Amino acid sequence: MIVIIDYGAGNLFSVQNALNYLGLENKITSDKPDIISADRLILPGVGAFGDAMDKLNKSGLVDTVKKEALKKPFLGICLGMQLLFEKSYEFGEFDGLGLIRGSVRLMKPEGDLAIPQMGWNALEYNRECSLLKGIDEGQYVYFVHSYAADCSEDDVYAYVDYGGKVPALVGSGYVYGAQFHPEKSGETGLEILRRFGKL
């Protein structure tokens, strides 16, 4: 069972639709026992970091999420990926979940590239990752974001080039984070979710 964590700031149903299409058993919930009993967890997210972290704190789920992320495959998507880091500097300074070392900062691409980064970009691999096995480097995935992870290369599985290297898929231990939206990234994104469902 994959549990999609509902804390009031997630793009829940597009993720669920993708999992349903793949035939992966799933449930949207904010119920702690369901999160604890799940085989895998997905943390989606849209909007601003501070607001999302505030909702997550008010949901009472932070401690449960942190504990369970150390025990089972855990995937943060878009803002959900950014919440995995220690801090964000989006409209202030906010603490994150601290599951991956590093912070989230406003993108400053070289050249005249627009912010937010919005659209398709090609994955460039940095190191091996179970979610990318069998997927050729250079496949395109879909992004919508203005802030990006500033973290150790040791925790980056794949980048994209957007006026410089932008971490696209990160991870530490059982925890994975996708800055892109796998549920909106065609067959490549579906294959990543399929592989997550097999971890």
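# Exercises on strands and pockets

By class, 10 nonpolar, 2 polar and 4 charged residues make up the lining of the largest pocket. The model used in these exercises is predicted.

**Exercise 1. The two pockets**

Describe the largest pocket by its volume and by the strands that supply its lining. Then do the second largest pocket by volume and by class of lining residue.

Solution.

Step 1. The largest pocket holds about 250 Å³ of space. Its lining has 16 residues, and those closest to its centre are Ala148, Ala149, Lys165, Val166 and Pro167.

Step 2. At least two residues of this lining come from each of strand 7, strand 11 and strand 13.

Step 3. For the second largest pocket the volume is about 160 Å³. It is lined by 13 residues, of which Gly47, Cys78, Leu79, Val144 and His145 are the closest to its centre.

Step 4. Helix 5 (79-82) and strand 10 (140-145) each give at least two residues to the lining of the second largest pocket. Sorted by class, that lining has 5 nonpolar, 7 polar and 1 charged.

**Exercise 2. The open sheet**

In what order do the 4 strands of the open sheet lie, and which are the edge strands? Follow the pairing of strand 5 on both sides.

Solution.

Step 1. Recall that strands of a sheet pair through backbone hydrogen bonds, in a parallel or an antiparallel way.

Step 2. The order is 6-5-7-11, and the pairing is mixed. Strand 6 (94-95) and strand 11 (147-150) are the edge strands, since each pairs on one side only.

Step 3. Strand 5 (residues 85-88) runs parallel to strand 7 (residues 100-106), and 3 bridges join them. Phe85 stands opposite Ile100 of strand 7, while Ser88 has Val104 as its bridge partner there.

Step 4. With strand 6, strand 5 pairs in the antiparallel sense over 2 bridges. Here Ser88 stands opposite Phe94. The hairpin of strand 5 and strand 6 has 5 residues between the strands, and among them Phe91 takes a positive phi near 60°.

**Exercise 3. Strand 13 and its partners**

Which strands pair with strand 13, and in which sense? State also how many of its residues are buried.

Solution.

Step 1. Strand 13 (residues 165-172) is mostly covered, with 6 of its 8 residues buried.

Step 2. Strand 12 (residues 156-161) pairs with strand 13 in the antiparallel sense over 5 bridges. One pair of bridge partners is Asp161 and Lys165. The two strands form a hairpin with 3 residues between them, and Gly163 in the turn has a positive phi of about 65°.

Step 3. Strand 14 (residues 175-178) also runs antiparallel to strand 13, joined by 4 bridges. Leu169 has Ala178 as its bridge partner in strand 14. This hairpin has 2 residues between the strands, and Gly173 takes a positive phi near 65°.

**Exercise 4. Gln117**

Is Gln117 buried or exposed? Find what its side chain meets.

Solution.

Step 1. Gln117 lies in strand 8 (residues 117-122).

Step 2. A residue counts as buried when its relative accessible area is under 20%. Gln117 has 2% relative accessibility, so Gln117 is buried.

Step 3. The side chains of Gln117 and His145 are joined by a polar contact of 2.7 Å. His145 is also one of the residues closest to the centre of the second largest pocket.

Step 4. Leaving aside neighbours within four places in sequence, Gln117 is in contact with Met107, Phe143, Val144, His145, Val160 and Tyr162.

Note on methods. Residues numbered from 1 in each chain as written. Predicted model: local features only at pLDDT ≥ 70, side-chain atom pairs only at ≥ 80, totals over all residues. Heavy atoms only, no water. Pairing = 2+ DSSP bridges. Buried < 20%, exposed > 50% of the residue type's maximum accessible area, 1.4 Å probe, protein only. Polar contact = N/O pair within 3.5 Å; in protein donor to acceptor, adjacent residues only side chain to side chain. Contact = heavy atoms within 4.5 Å. 1 Å grid on protein atoms, 1.4 Å probe; cavity = no way out; pocket = protein on both sides within 12 Å on 5 of 7 lines; lining within 4 Å. Points joined across faces, edges and corners; volume = space filled by probe spheres on them. Nonpolar A, V, L, I, M, F, W, Y, C, P; charged D, E, K, R; others polar.
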